[in-house]
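Please open the model in your viewer and keep the sequence panel visible. The tour proceeds by selection, with a short account of what each selection shows.

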Amino acid sequence: MMKKVVLAFSGGLDTSFCCIYLAQDRGLEVHSVIVNTGGFSDEELQEIEKRANALGVKSHAVVDETASYYDGCIKYLIYGNVLKNATYPLSVSAERVSQATAIANYVKKIGADYVAHGSTGAGNDQVRFDMIFNIIIPEVEIITPIRDLKLSREAEIEYLAEHGVEYSAEKARYSINKGLWGTSVGGKETLTSNETLPESAWPTQVSETESRKLELTFKKGELVAIDGETLEPVRAIQKLQAIAQPYGIGRDIHVGDTIIGIKGRVGFEAAAPIIIIKAHHTLEKHTLTKWQLSWKEQLSSFYGNWLHEGQFHDPIMRNIEAFLADTQKVVSGKVFVELLPYRFQIIGIESNHDLMSNKFGSYGEMNNAWSGEDVKGFSKIFGNQVMIWHKVNTPQPPKGGA
């Protein structure tokens with residue numbers, strides 16, 4: 001009997017090459033699987049299945065991980081206001097963890113001998129996939145044709161043509177990855193340090209020009225309504241994305257350090273993630289104490305970096321998630337946002353938990369909770385140790401003068 005290989009399949013150039021190569025050159029029974037993390041419509045999934053079958057796979061499966069991707073990962077990225085390098089909402093790195101885990105479980109389900117993915121040898125995905133497979137299915141051998149054969153995109157297109165499969169060179173110019181938490185775009189411009197993506201490369205073209213105001217409702221840190229319409233969090237993200245992306249909001253190029261030690265650039269469009277994180281953070285600044293915000297910032301930075309490097313299954317991540325979830329008990333209220341072409345602004349918030357209550361005073365004007373004498377004493381005590389340090393360590397002029 002032929003040995004089984006599960007191929008993580010997207011329908012793009014790399015995984016199309018892998019289908020033919022694994023069957024024709026390696027003599028394996030190929031079972032393709034695509035993990036939907038909220039970026040595909042039913043029509044798109046059907047087209048990908050047709051492509052897989054046309055490439056000769058033994059079977060093709062769709063695993064929908066959208067809900068578990070949100071519950072197990074995205075929710076905590078929102079709680080932590082995670083933007084890597086203050087820019088990137090981890091659109092791809094977060095979903096790769098979810099995808100790799102789902103694929104490993106599918107390998108166990110069908111009893112495959114091998115697992116394969118189309119990662120190159122120059123990016124983060126190879127580490128994320130390999131590491132998670134080694135954690136969950138350590139007995140299964142990993143095959144990575146693109147990485148092992150050191151193939152260029154041109155060589156892949158030529159190979160497919162030799163096997164009767166046409167693939168447009170124009171289509172291969174840009175690598176696009178869609179998910180619930182944003183879409184990444186890679187191309188020749190992102191391989192440089194001085195170019196940006198052309199307008200035509202962005203998956204969503206700008207079509208909205210008139211400003212629009214939105215009311216976003218959060219309950220314990222989760223987005224649960226838009227303009228008064230109650231929605232499940234996944235649906236709320238998808239609806240906000242549909243509203244805001246045509247404004248060109250959330251487009252940027254992330255520059256970061258890869259797991260393998262080289263710098264990398266990737267374009268992304270992520271209107272909903274960027275708006276949600278900024279709106280959520282604004283609400284937190286009104287409802288949490290300064291030390292909650294301080295420790296959240298530190299732990300969230302670690303959480304985002306460790307997730308970016310594929311270390312989702314480290315138990316420390318569950319510890320940090322528990323902390324983040326606990327901080328969200330009072331992060332409820334409305335955030336008012338205005339959308340404009342290529343940008344947005346947070347107008348303000350309303351919350352029963354707003355600590356900026358005029359019951360206790362108005363910043364820069366007056367207070368109702370203490371007197372001027374209270375502040376005099378507090379200021380003296382608050383700076384007392386620093387005053388002593390300066391007294392002890394500042395050289396004194398000699399007594400008696402010159």
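Begin by selecting strand β8 together with strand β9 (residues 222-226): the two pair in the antiparallel sense over four bridges. The model is a predicted one. Within this pair, L216 has I226 of β9 as its bridge partner. Next, display the turn, where two residues separate β8 from β9 in a hairpin. K220 lies in this turn and has a positive phi of about 50 degrees.

Keep β8 (residues 212-219) selected and add strand β13 (residues 333-340); seven bridges join them, again in the antiparallel sense. To locate this pairing, select L214 and its bridge partner in β13, V337.

Now turn to the interior. Which residues touch the most other members of the largest nonpolar core? Select I103, L216, L307 and L339, which hold that position in a core of 74 residues. Helix α4 (residues 91-110) should be coloured next, since the helix gives nine residues, the most to this core. Apart from this core lies another, of 27 residues; I20, L28, A116 and Y167 are among them.

Return to L307 and show its surroundings. Leaving aside residues up to four places away in sequence, L307 touches C73, L77, L90, S93, A94, V97, F312 and M317.

Finish at another hairpin. Select strand β6 (residues 175-179) and strand β7 (residues 182-186), which run antiparallel and are joined by five bridges. Two residues lie between β6 and β7 in this hairpin. As a last selection, show K178, which stands opposite T183 in β7.

Methods. Residues numbered from 1 in each chain as written. Predicted model: local features only at pLDDT ≥ 70, side-chain atom pairs only at ≥ 80, totals over all residues. Heavy atoms only, no water. Pairing = 2+ DSSP bridges. Core = buried A, V, L, I, M, F, W, Y, C linked by side-chain atoms within 4.5 Å. Buried < 20%, exposed > 50% of the residue type's maximum accessible area, 1.4 Å probe, protein only. Contact = heavy atoms within 4.5 Å.
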